[in-house]
Amino acid sequence: MTRARLKQPGQRGTSLIEVLITIVILAIGLLGLAGLQSRLGVSQVESYQRAQALVLLQDMSSRLATNRAHAASYVTGTAAPLADGGICPVAVGTRAEIDANQWCNALLGAAEMDGGSKAGAMIGARGCVEALSANEYLITVAWQGLGPLASPPDSVGCGQGAYDDDQCPNDLCRRAVTTLVRIADLN
């Protein structure tokens, strides 16, 4: 039998079309995998920032509870948060001033240095201590997330309006964690 008789009419090029369809399906799958990898990277950075914020929040709540007799001197309010603009208080005469200075430097990332620059904290971190009532203090750590989500409620005023830009209008990139510290009257 000759070679021409083995091939049936209409069968020419079908394996090439099958290979092309397989390549297209594989390319779409690989693009989806690359997109997933990108989103995982963003989620990992967001998770790291939240963990750092929780560590710093616990740090300041411990400092405030330890120095309970002078808890009112820790209050910053929301209008002048610590680490706003990368500036920390320089007065270190009292325990509260030392704690504020150390917490501010931690908010700026002083715990981890990368070539002489602070790299161990969140993007644009700010810390606030608010007096709610006679022995209740709300401690907040706010920072800038990587993408727009939902902004924290208006009752969390720390850093409000500071993360508002073209990419994230209406504070959609602002992230915040809070804790309430109650100081017992031991007298």
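This passage walks through the helices, the surface and the salt bridges of a predicted model.

A good place to start is confidence. The protein averages a pLDDT of 87, and 91% of the residues score at least 70. Confidence is highest in β4, at 94, and lowest in helix α1 (residues 3–6), where the mean is 56. Where pLDDT is low, the predicted coordinates should not be read in detail.

Helix α2 comes next. It covers residues 14–66, and its 53 residues should span 78 Å at 1.5 Å a residue; the end C-alpha atoms are indeed 78 Å apart, so the expected and modelled spans agree. Two residues give a feel for distance along this part of the chain: Ile 17 and Leu 56 are 39 residues apart in sequence, and their C-alpha atoms are separated by 59 Å. Ile 17 belongs to helix α2 and is exposed, with a relative accessible area of 51%, whereas Leu 56 is among the buried residues of α2.

The other buried residues of α2 are Glu 46, Gln 49, Ala 53, Leu 57, Met 60, Ser 61, Arg 63 and Leu 64. The packing partners of the buried residues in α2 are α3 (95–107) and the strands β3 (126–133), β4 (136–144) and β5 (174–182). A nonpolar patch lies on the surface, formed by Leu 26, Leu 30, Leu 33, Leu 36 and Leu 40, which together have about 500 Å² of accessible area. Leu 26, one member of this patch, is found in helix α2 and counts as exposed because its relative accessibility is 53%, with the cut-off set at over 50%.

Helix α3 has 13 residues and reaches 18 Å from its first C-alpha to its last, close to the 18 Å expected. Its buried residues are Ala 96, Asp 99, Ala 100, Asn 101, Trp 103, Cys 104, Ala 106 and Leu 107, and they pack against α2, β3 and β4. Just after α3, Gly 109 takes a positive phi of about 100°.

Turning to charged pairs, side chains of opposite charge can pair when their charged atoms come close. The structure holds seven salt bridges. In one of them, Arg 63 pairs with Asp 99, with 2.9 Å between the closest N and O atoms. This pair links distant parts of the chain, since Arg 63 sits in helix α2 and Asp 99 in helix α3, 36 residues apart. Both Arg 63 and Asp 99 are buried. Leaving aside residues up to four places away in sequence, Asp 99 touches Met 60, Arg 63 and Tyr 74.

Asp 99 also forms a salt bridge with Arg 95, again with the closest N and O atoms 2.9 Å apart. Arg 95 and Asp 99 are four residues apart in helix α3, so about one helical turn separates them. Arg 95 counts as partly exposed at 44% relative accessibility, while Asp 99 counts as buried at 4%. Salt bridges that share partners join Asp 59, Arg 63, Arg 95 and Asp 99 into one network.

Another salt bridge brings together the side chains of Asp 84 and Arg 126, at 2.8 Å from N to O. Asp 84 lies in the loop between α2 and α3 and Arg 126 in strand β3, so this pair ties together parts that are 42 residues apart in sequence. Asp 84 is partly exposed, at 34% relative accessibility, whereas Arg 126 is buried, with a relative accessible area of 13%.

Key:
Residues are numbered from 1 along each chain as its sequence is written. This is a predicted model: local features need pLDDT of at least 70, side-chain atom pairs count only at pLDDT 80 or more; totals for chains, interfaces and linings use all residues. Side-chain values use heavy atoms; hydrogens and water are left out. Helices (H or I, at least four residues) and strands (E, at least two) are DSSP runs, numbered from the N terminus. The expected span of a helix is 1.5 Å times one less than its number of residues. Buried means under 20% relative accessible area, exposed over 50%, partly exposed in between (1.4 Å probe, protein chains only). Contact means heavy atoms within 4.5 Å. Patches are made of residues with over 30% relative accessible area and no salt bridge: like charges are joined within 9 Å, nonpolar side chains (Val, Leu, Ile, Met, Phe, Trp, Tyr) within 5 Å. Accessible areas come from the Shrake-Rupley method with a 1.4 Å probe; for residues, only the protein chains shown count as cover. A salt bridge is a side-chain nitrogen of Lys or Arg within 4 Å of a carboxyl oxygen of Asp or Glu. pLDDT is the predictor's confidence in each residue, from 0 to 100.
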